[in-house]
Amino acid sequence: MREPRVGVVGATGAVGAVLRELLRGRDDVRYFSSARSAGMQLDGRTVEEATPEALAAGDLDVCFFAVGASASRELVPHAVRGGAVSIDKSAAWRMEPGVPLVVPEVNGARALEHDGVVAVPNCSTIQLVLALKPLHEAAGLTRVRLATYQSVSGAGKQAMDRLREESVEQHDLRGDWSFDGEEFEEEAKIREETRKIFELPELPVQATCVRVPVLVGHLQAVWVETDDELPPAQARELLAAAPGVRGVDFPSPARAAGQDEVLVGRVRSDTTVERGLTFLVAGDNLRKGAALNAIQIAELLAREAVAA
Ligand SMILES: NC(=O)c1ccc[n+]([C@@H]2O[C@H](COP(=O)([O-])OP(=O)(O)OC[C@H]3O[C@@H](n4cnc5c(N)ncnc54)[C@H](OP(=O)(O)O)[C@@H]3O)[C@@H](O)[C@H]2O)c1
């Protein structure tokens with residue numbers, strides 16, 4: 001069987017760079033960007049402009065989109081029209097009814113219901129739901145609260161360049177997301193996406209997000225409450241056995257950067273509530289939080305196509 005013909009739209013960006021790294025060694029891959037970077041040479045390939053015509057031409061089987069939401073809204077329908085399954089990293093399609101929002105280890109079967117588009121959740125949601133999944137299966141989640149410490153690469157390549165140019169004295173915590181009512185859009189996304197993935201539309205989820213002067217890797221402090229008692233020792237065992245998760249003593253962004261798995265540790269009882277646990281989760285926001293998760297969705301769809 002021939003290899004799928006793959007397009008990477010947004011190949012010049014922060015997520016695009018990790019997609020290119022993970023696709024290295026494959027021949028049938030084309031890179032796309034806006035007109036700004038079209039013509040640039042990357043990995044011996046010429047970057048093409050992502051025009052509607054190019055994407056709809058019918059010569060791509062899978063198209064990864066790592067562009068902003070407005071470019072995605074405009075371009076994805078053309079790739080779908082051309083017959084490419086479009087796996088999108090932006091917020092454009094995530095909450096659309098009928099568009100699966102997928103983390104393969106958590107709700108992979110949903111990807112098979114796609115109608116041309118599969119959405120990849122926000123980077124913070126991905127690492128959170130990987131850790132929540134085994135706890136939910138064992139004891140039933142009734143409430144989730146978290147504080148995030150998110151790296152600047154979550155805001156893209158330009159934000160990474162700005163951090164590199166800053167002096168240590170200029171480093172500060174930031175809240176560089178737009179507001180959605182009282183909360184940042186990021187905080188609302190974590191709630192809405194977690195509810196969609198677990199198919200628990202009423203699950204109470206409350207997040208407070210902070211940007212920290214770290215290049216790659218998001219950390220989360222999480223507090224959960226469950227229906228059934230779940231002692232920390234049992235939670236640690238469940239987390240250690242969960243796909244996509246590695247149990248460690250102290251998760252940190254630097255330890256998580258470059259890793260496929262998310263790191264979970266400091267699992268303790270939350271002594272302020274009945275049946276409560278607290279723990280830390282660290283994940284590489286560009287890798288499992290974006291590029292790797294997208295590639296795993298494509299691999300899952302390819303396996304199912306072979307099996308069918
Ligand atoms: N960074 C993360 O940790 C992360 C995690 C999860 C999700 N995401 C999401 O993934 C997407 C990409 O994020 P990023 O951090 O990689 O952003 P980025 O570093 O700013 O890169 C943006 C990419 O999109 C391209 N682009 C912009 N406008 C375009 C257009 N009209 N047509 C075609 N290509 C266009 C850019 O190409 P040029 O070089 O031509 O400008 C560049 O390749 C965003 O939706 C983001 O929210 C990011």
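Biologist: Which atom of the ligand does a polar side-chain atom of S34 lie close to, and at what distance?
Modeller: In this predicted model, a polar side-chain atom of S34 lies 2.5 Å from an oxygen atom of the ligand.

Biologist: And what about N285?
Modeller: An N or O atom in the N285 side chain is 2.9 Å from a ligand oxygen atom. For G10 the backbone is involved: one of its N or O atoms lies 3.2 Å from an oxygen atom of the ligand.

Biologist: How much of the ligand's accessible area does the protein cover?
Modeller: On its own the ligand has 900 Å² of accessible area, and the protein covers 79% of that.

Biologist: Which residues around the ligand come nearest?
Modeller: There are 27 residues around the ligand, and T12, S34, S37, V67 and S153 come nearest. By class, this shell has eleven nonpolar, 13 polar and three charged residues.

Biologist: Which pocket does the ligand take up?
Modeller: The ligand takes up space that is the largest pocket. That pocket has a volume of about 1,400 Å³ and is lined by 48 residues, with A66, V67, G68, A155 and G156 nearest its centre.

Biologist: Which helix gives the most to that lining?
Modeller: α6 does, with five residues.

Biologist: Turning to the second largest pocket, how much space lies in it?
Modeller: About 530 Å³. Its lining comprises 22 residues, of which P4, V62, A298, L301 and A302 lie nearest the centre.

Biologist: What is the make-up of that lining by class?
Modeller: It has 16 nonpolar, one polar and five charged residues. α10 gives the most to the lining of this second largest pocket, with seven residues.

How values were computed: Residues numbered from 1 in each chain as written. Predicted model: local features only at pLDDT ≥ 70, side-chain atom pairs only at ≥ 80, totals over all residues. Heavy atoms only, no water. Near = heavy atom within 4 Å. Polar contact = N/O pair within 3.5 Å; in protein donor to acceptor, adjacent residues only side chain to side chain. Areas by Shrake-Rupley, 256 points an atom, 1.4 Å probe, with all protein chains shown as cover. 1 Å grid on protein atoms, 1.4 Å probe; cavity = no way out; pocket = protein on both sides within 12 Å on 5 of 7 lines; lining within 4 Å. Sits in = over half its atoms within 2 Å of the grid points. Nonpolar A, V, L, I, M, F, W, Y, C, P; charged D, E, K, R; others polar. Points joined across faces, edges and corners; volume = space filled by probe spheres on them. Helix = DSSP H or I, 4+ residues; strand = E, 2+ residues; numbered from the N terminus.
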